[in-house]
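Biologist: I would like to learn how to read the aromatic side chains in a model like this. Could we take them step by step, with the structure in view?

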Amino acid sequence: QVIVRVNEVPTITGSSATVCEGSTLTLNTSVGGGSWTSGNTGVATVNATTGVVTGVSSGSATITYTTAAGCTDTYAVTVNGSPVIGGTLSATVGGTSALSVSIDGSTVTGGTWSDNSSHISIDPSTGVVTAASSITGSSQTATVTYTHTTGCEATATFTVYAAPAVTSTVTDVCVGSSITLSATPSGGSWSGNDATVATVTSSGVVTGVAAGTVSATYTDAYGGTSSVSITVHALPVYSTTAATAVCVGGNLSLSATPVGGTWSLVGTTNKATLSGSTLAANSSGTVTVRYTTSTGCYVDQQITLNGLPAVDAGSAQSVCAGGSVTLTATGASTYTWDNGVTQGNSFVPTSTTTYEVTGTDGNGCVNTDQVIVTVNAVPSISGSTTVCAAATITLSADITGGTWDSDDDGVATVS
């Protein structure tokens, strides 16, 4: 006799024939004590004892259960790829962000989006997230979920940030000058809306170009924006009719537009003093004056302080009554003498006089000098006008202290 044992063929059952990548599926069998194997462990693995199938990658795999008697059954399992959420997972309050999803590196459509928070709302079809208009604190988080048509899901944390805030307190700038804006949170960039009025660098440096207003906008790293209005003020202008040079000892009236500003001397100097808009020149050289308006904008103007000409009336002169003298001054460009004297022209003085000359140089600066001209009386001789040879006569003069001289000692001598 021979005994033929008929062993039961196992039957595999499971709740599903599909599993998501990274998820598990538990298979059951009608005959215990056997072992499980996967025909493609690159797609799905199976616990040899429990029959728990784990999805590894998209594809199909055959799961085999073998009893102790060697009887088998197979079960086809399809592994669906797990979705991966992409896009910008953050937004500033009131902002939006379009999320995307891919499976195995390829973008997919369809499926359903959802969220679990009042901080955001998400379009279930498009995945566009709209952040709440306000939040508590600097940021809040929410969970977004994408469910593919295969049932596979993906979740991601979405962060809502508070709107950026401009912290700059200075919002005025002069043409040609710069200010630096600031805002929180850091890490964003600045831009302007009118480069003909002011340029705005990404780091927030605003440089005035022309009078007017410009809007500077700060965009944070999450797309949130905050704007501030910048006023660009025109520079004052030194009057074209106002003098830019003054002689030492003189005063100069400063003038600029618009009116209402204040004048000051730039730097430390004793070459000039300033009272209101009047500049007094103390010594030659140059000084810089500054006119500042109520907006803080200013214009600098260099003023030349011209020294006075070194007028020299010449050396004192002495002349006998009836004689002529010529007065010639130096050190200036033009000269004017008092008492009717003309520069370089001879004249006959009538008495001892101090003459003053006024000299003017090429800068219009004036100085004076004096010279004395002494007029001496002519002596009168009295006495005999004849004398015998070898005899003497005595002459006298009405002015004493002088000396006598003969023009021909061969005829007569005098002592």
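Biologist: Is tryptophan 263 buried or exposed?

Modeller: Please keep in mind that this is a predicted model. A residue counts as buried when its relative accessible area is under 20%, and tryptophan 263, with a value of 15%, is therefore buried. Tyrosine 238, at 9% relative accessibility, counts as buried too.

Biologist: How many aromatic pairs are there in the whole structure, and how are the planes of one pair set?

Modeller: A search of the whole structure finds 6 aromatic pairs. In one of them, the ring centres of tryptophan 190 and tyrosine 218 are 5.1 Å apart, and their planes meet at 50 degrees, so the pair is tilted. This pair links distant parts of the chain, since tryptophan 190 belongs to strand 23 and tyrosine 218 to strand 26, 28 residues apart. Tryptophan 190 is buried at 6% relative accessibility, and tyrosine 218 is buried at 3%.

Biologist: What kind of pair do tyrosine 238 and tryptophan 263 form?

Modeller: Planes over 60 degrees apart count as edge-to-face; for tyrosine 238 and tryptophan 263 the angle is 90 degrees, with 5.9 Å from centre to centre, and the pair is edge-to-face. Tyrosine 238 lies in strand 28 and tryptophan 263 in strand 32, 25 residues apart, and the pair links distant parts of the chain.

Biologist: Which residues do ring pairs link into a cluster?

Modeller: The cluster consists of Tyr238, Trp263 and Tyr291, linked by ring pairs.

Biologist: Where does arginine 290 lie?

Modeller: Arginine 290 is placed over the face of tyrosine 298, at 4.0 Å from the ring centre.

Definitions and conventions:
Residues are numbered from 1 along each chain as its sequence is written. This is a predicted model: local features need pLDDT of at least 70, side-chain atom pairs count only at pLDDT 80 or more; totals for chains, interfaces and linings use all residues. Side-chain values use heavy atoms; hydrogens and water are left out. Rings of Phe, Tyr and Trp (its six-membered ring) pair if their centres lie within 6.5 Å; planes under 30 degrees apart count as stacked, over 60 as edge-to-face and the rest as tilted. Helices (H or I, at least four residues) and strands (E, at least two) are DSSP runs, numbered from the N terminus. Buried means under 20% relative accessible area, exposed over 50%, partly exposed in between (1.4 Å probe, protein chains only). A charge sits over a ring if NZ of Lys or CZ of Arg is within 6 Å of the ring centre and within 35 degrees of the ring normal.
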